[in-house]
Amino acid sequence: MIIIMQSHATEAEVQAVVTKIESAGLTTNISRGTERTIIGAIGNERELPHESLLASPGVDDVMRIVKPYKIVAREWHEENTLITVKDITIGGDEIQIIAGPCSVETQAQMDLAAQNVAEAGCRLMRGGAFKPRTSPYAFQGKGVEGLEIFRQAADKQNLPIVTELMDVRQLDSFLEHGVDIIQIGTRNMQNFDLLKEVGKIHIPIILKRGLCSTISEWLMSAEYIAAGGNHNIILCERGVRSFETAYRNMLDVTAIPVLKKETHLPVIVDPSHAGGKAALVPALSKAAIAAGADGLLVEVHPNPCEAWCDADQALSPLDIKTLMAELKLIAQAVGRKI
Ligand code: PEP
Ligand code: MN
């Protein structure tokens with residue numbers, strides 16, 4: 001860490017900063033320029049009280065040298081992390097498409113959806129049993145009954161299931177129903193207590209990007225999970241809030257190569273919640289794969305017009321089949337397969 005003193009900082013203020021650094025177990029290197037004094041802190045800077053140093057008299061600025069996250073940083077772990085669910089690998093050469101409805105509705109709807117997903121060649125299935133809805137009066141999901149319905153439908157097609165956990169009190173039911181991948185949604189990306197809880201288990205976690213979160217904040221949230229011992233984390237870009245009103249969220253395609261450089265964790269993209277309209281999903285999906293995403297999380301419904309949730313953005317069974325055929329070509333073009 002580098003501490004830049006103000007031009008009028010007194011010697012006593014410089015010494016007070018040095019004492020603060022040394023009492024945290026680090027050593028210092030003082031560089032006195034013609035205008036300013038700069039103090040270099042040598043050692044594990046994560047031990048240093050960043051904010052307290054910044055607030056110290058005579059201090060102008062404090063600059064970190066190392067990244068605030070460690071376990072998830074590629075700097076510390078060069079190889080890509082591969083996440084295995086049954087015989088499926090996420091983060092390897094094969095791109096994985098996770099498809100299914102926004103929410104679990106009925107057994108018949110889920111049975112049909114599972115059949116559609118499997119027939120299109122997708123190897124994992126999504127579906128929300130607990131739904132984070134903007135309005136408290138909107139359908140909130142079927143809850144535990146939804147998990148039961150989902151499990152039964154997916155088992156018939158041998159599809160691992162991905163579903164959102166909103167509260168730690170739901171975790172036991174998730175474990176009982178053998179949820180294969182737990183999704184932490186956008187609205188909970190910074191629910192730190194929830195992140196700590198899923199850090200204690202070993203089930204893979206899809207961590208969606210917060211509505212307005214920076215990549216650094218997102219990686220810090222991933223670090224919360226990893227710090228608890230669960231390193232099976234998949235990051236999911238799903239669009240961020242922007243000034244644009246022509247679509248639901250702005251898909252941050254740039255985040256994909258940035259994340260690939262910053263972290264060894266697999267990165268997937270949710271084109272459905274980004275575009276918010278089914279017609280936009282194919283283009284966003286292709287852009288994501290071309291930019292290096294390891295997979296997609298796509299909303300598909302047997303009968304989109306009848307969907308209880310996010311009807312406008314759901315692909316039809318025919319749409320997903322067509323998209324899968326197109327994505328195979330994109331994957332091939334970037335040296336991967338579907
Ligand atoms: C979802 O995937 O069903 C969902 C609610 O997504 P997000 O958290 O990205 O809004
Ligand atoms: Mn949805």
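Which backbone nitrogen does the side chain of D270 reach? Hold on to that one for a moment, everybody, and thanks for coming. I'll start with the answer and then work outwards. The side chain of D270 reaches the backbone nitrogen of S272, at 2.8 Å. Before we go further, please keep in mind that this is a predicted model, and the distances I quote are computed from it.

So where is D270? It lies in the loop between strand 13, residues 267-269, and helix 9. D270 counts as buried because its relative accessibility is 0%. Its side chain has a second partner too: a polar contact of 2.6 Å joins the side chains of D270 and H273.

H273 takes us straight to the metal. Which residues coordinate the manganese ion, ligand 2? They are C102 through SG, H273 through NE2, E299 through OE and D310 through OD, at 2.0 to 2.4 Å. If you like to read such a site as a pattern along the chain, the donors follow the spacing C-x170-H-x25-E-x10-D. Within that set, H273 and E299 link distant parts of the chain: H273 sits in helix 9, residues 271-275, while E299 sits in strand 14, residues 295-299, and the two are 26 residues apart. H273 and E299 are both buried.

D310, another of the donors, deserves a word of its own. You'll find D310 in the loop between strand 14 and helix 11, which covers residues 317-333. Its phi is near 55°, a positive value in a residue other than glycine. As background, most residues other than glycine have a negative phi. If you're scrolling through the structure, that is a backbone detail to look at while you are at the manganese ion.

Now to the other ligand. Which residues are around ligand 1? The list is R126, K131, P132, E164, Q183, G185, T186, R187, K208, R238, H273 and E299. You'll recognise H273 and E299 from the manganese ion's donors, and here they appear again around ligand 1.

Three side chains bring polar atoms to oxygen atoms of ligand 1. For Q183, a polar side-chain atom lies 2.9 Å from a ligand oxygen. For T186, the corresponding distance is 2.8 Å. For R187, an N or O atom of the side chain is 2.9 Å from an oxygen of the ligand. And how much of ligand 1's own accessible area does the protein cover? The protein covers 97% of the 290 Å² that ligand 1 has on its own. As for its location, ligand 1 sits in the largest pocket.

Let's stay with the loops around strand 14 for a minute. D294 lies in the loop between helix 10, residues 281-290, and strand 14. With 2% relative accessibility, D294 counts as buried, and its side chain makes a polar contact of 2.5 Å with the side chain of K260. On the other side of the strand, L315 is found in the loop between strand 14 and helix 11. Is L315 buried or exposed? L315 is buried, because its relative accessible area is 2%. The C-alpha atoms of L315 and N303 are separated by 8.7 Å, and the two residues are 12 apart along the chain.

For contrast, here are two exposed residues. K86 is in the loop between strand 5, residues 83-85, and strand 6, residues 88-90. Why is K86 called exposed? Its relative accessible area is 54%, and the cut-off for exposed is over 50%. K86 also has a positive phi, about 55°, although it is not a glycine. In sequence, K86 and D180 are 94 residues apart, yet in space they are 8.6 Å apart, C-alpha to C-alpha.

The second one is H202, in the loop between helix 6, residues 192-199, and strand 11, residues 205-208. H202 counts as exposed because its relative accessibility is 56%. H202 and I233 are 31 residues apart in sequence and 9.7 Å apart in space, again C-alpha to C-alpha.

Let me finish by zooming out. The chain comes to 11 helices and 14 strands. Of its 338 residues, 50% count as buried. Taken along the principal axes, the C-alpha atoms fill a box of roughly 75 × 45 × 40 Å.

That's my tour. If you'd like one place to start on your own screens, pick H273: it contacts D270, coordinates the manganese ion and is among the residues around ligand 1. Happy to take questions!

Key
Residues numbered from 1 in each chain as written. Chains lettered and ligands numbered in written order. Predicted model: local features only at pLDDT ≥ 70, side-chain atom pairs only at ≥ 80, totals over all residues. Heavy atoms only, no water. Donors = N, O, S within 2.8 Å, 3.2 Å for Na, K, Ca; no water. Helix = DSSP H or I, 4+ residues; strand = E, 2+ residues; numbered from the N terminus. Buried < 20%, exposed > 50% of the residue type's maximum accessible area, 1.4 Å probe, protein only. Near = heavy atom within 4 Å. Polar contact = N/O pair within 3.5 Å; in protein donor to acceptor, adjacent residues only side chain to side chain. Areas by Shrake-Rupley, 256 points an atom, 1.4 Å probe, with all protein chains shown as cover. 1 Å grid on protein atoms, 1.4 Å probe; cavity = no way out; pocket = protein on both sides within 12 Å on 5 of 7 lines; lining within 4 Å. Sits in = over half its atoms within 2 Å of the grid points.
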